[in-house]
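Please look through this structure with the briefing below at your side. It goes through the sheet, the helices that lie on it, and one pair of packed helices.

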Amino acid sequence: MSHSADKSFAVPPWMQKDIFVRQFIEQAWDLFCIFDVHRNLTYASKSFNPVIGFIPEDFLQVVELIDSEYRMDLHKMFIRTVQTCCSSKLEFRMKGTGESYNWFECTSMPIRDAAGELAEICFVLNDITLRKNQENRLIAMAFHDPLTGLPNRRLFKEHLHQLLMQAKRMDRYFALVYLDIDDFKLINDTMGHDVGDAFLQHFAQRIQGCLREVDMFARMGGDEFTILLPGVDCEEHVRGVAQRILNCVDQPWEVLDQVFRATVSMGITMYHSDTREASQMLKEVDIALYQVKGKGRNHYQFYQPKSR
């Protein structure tokens, strides 16, 4: 589709009356356009050109620039403004001159004629990409471990709760693994905390290489981690994952010019029909992990309910 870069519109009468009003409107928002009640584009500010590479000629061209996830919302906002004659706001991503998308806050503003009837709809848009990026960074900090980048305890518990709800509704079984690095304190004490921190970062990468994309690997704190394995309903599959992890960790580690070996211990529990709370599953893997530690570490243990 070709777009005219020098597309021009007649300035609306209410903007012609006062040059200062026009200048204010053109500078108050990053983008500005006007539609009649039938969605015909009657005016678009020249600022569209540097932002998207051309000046749109109709409503559909504006919609096509927007991420498909938000297009229906824009249609609904226009209809709502026509029906209620009230302003409305919407945030969406819109494609710029390159392949990247920027975030915009769009406000629809109804314009009435001298008789008080709705005559036009103004869309005023401001670029909020910086704000959105800052919000995303804050969210990432709230839900991820700053050292390893893994999901933290808070995000893990949310995912565990969601898996429990799905399992109860749809019989989608899953497994929970609680993983502890054996003698991690010894690494910190003998090689220093810099080596310990770097080791945790490398450790996170190695373990993720043993898992599927749908699996969740989280750091609970210190040297303790959890793994959620959705869509598994038999111990054999989980044993394969656990063995891969043991073999992976058993390979020599070279971290900040230090060469050493490490082992892990794992407690495992499978979702079963009488599971009620996330705290129950966490207690079960803790019991299983304690049993592994008591047997010499460097292995895994499934929790066995007393009823079995």
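The points that follow are grouped by topic, after a short note on the model.

This is a predicted model, in which local features need pLDDT of at least 70 and side-chain atom pairs count only at pLDDT 80 or more, while totals for chains, interfaces and linings use all residues. Residues are numbered from 1 along each chain as its sequence is written, and side-chain values use heavy atoms, with hydrogens and water left out. Helices (H or I, at least four residues) and strands (E, at least two) are DSSP runs, numbered from the N terminus.

**The sheet as a whole**

- An open sheet of 5 strands follows the order S2-S1-S5-S4-S3 with antiparallel pairing, where two strands pair if DSSP finds at least two bridges between them.
- Strand S2 (41-44) and strand S3 (88-95) are the edge strands, since each of them pairs on one side only.
- From one strand to the next, the twist averages 25 degrees.

**Strand pairs and hairpins**

- S3 pairs with strand S4 (residues 101-112) in the antiparallel sense over 8 bridges, and the two form a hairpin with 5 residues between them.
- Along this pair, Leu90 stands opposite Cys106 in S4, and Arg93 stands opposite Trp103 in S4.
- S4 also pairs with S5 in the antiparallel sense, over 9 bridges, and here Ser108 stands opposite Phe123 in S5.
- The hairpin of S4 and S5 has 5 residues between the strands, and in it Gly116 takes a positive phi near 85 degrees.

**Helices across the sheet**

- Helix H5 (residues 68-84) lies across strand S1 (31-36), S3, S4 and strand S5 (118-127), and runs at about 150 degrees to S3; angles run from 0 to 180 degrees between N-to-C directions, with axes being lines fitted to C-alpha atoms, for helices over the stretch in contact.
- Helix H6 (residues 129-143) lies across S3, S4 and S5, and runs at about 125 degrees to S4.

**A packed helix pair**

- Helix H9 (residues 193-208) packs with helix H10 (residues 235-250) at an angle of about 140 degrees, their axes being 10 Å apart.
- That angle makes H9 oblique to H10, because angles under 35 degrees count as roughly parallel, over 145 as roughly antiparallel, 65 to 115 as roughly perpendicular and the rest as oblique.
- Phe203, Arg206 and Ile207 of H9 make the contact with Ile245, Cys248 and Val249 of H10, contact meaning heavy atoms within 4.5 Å.
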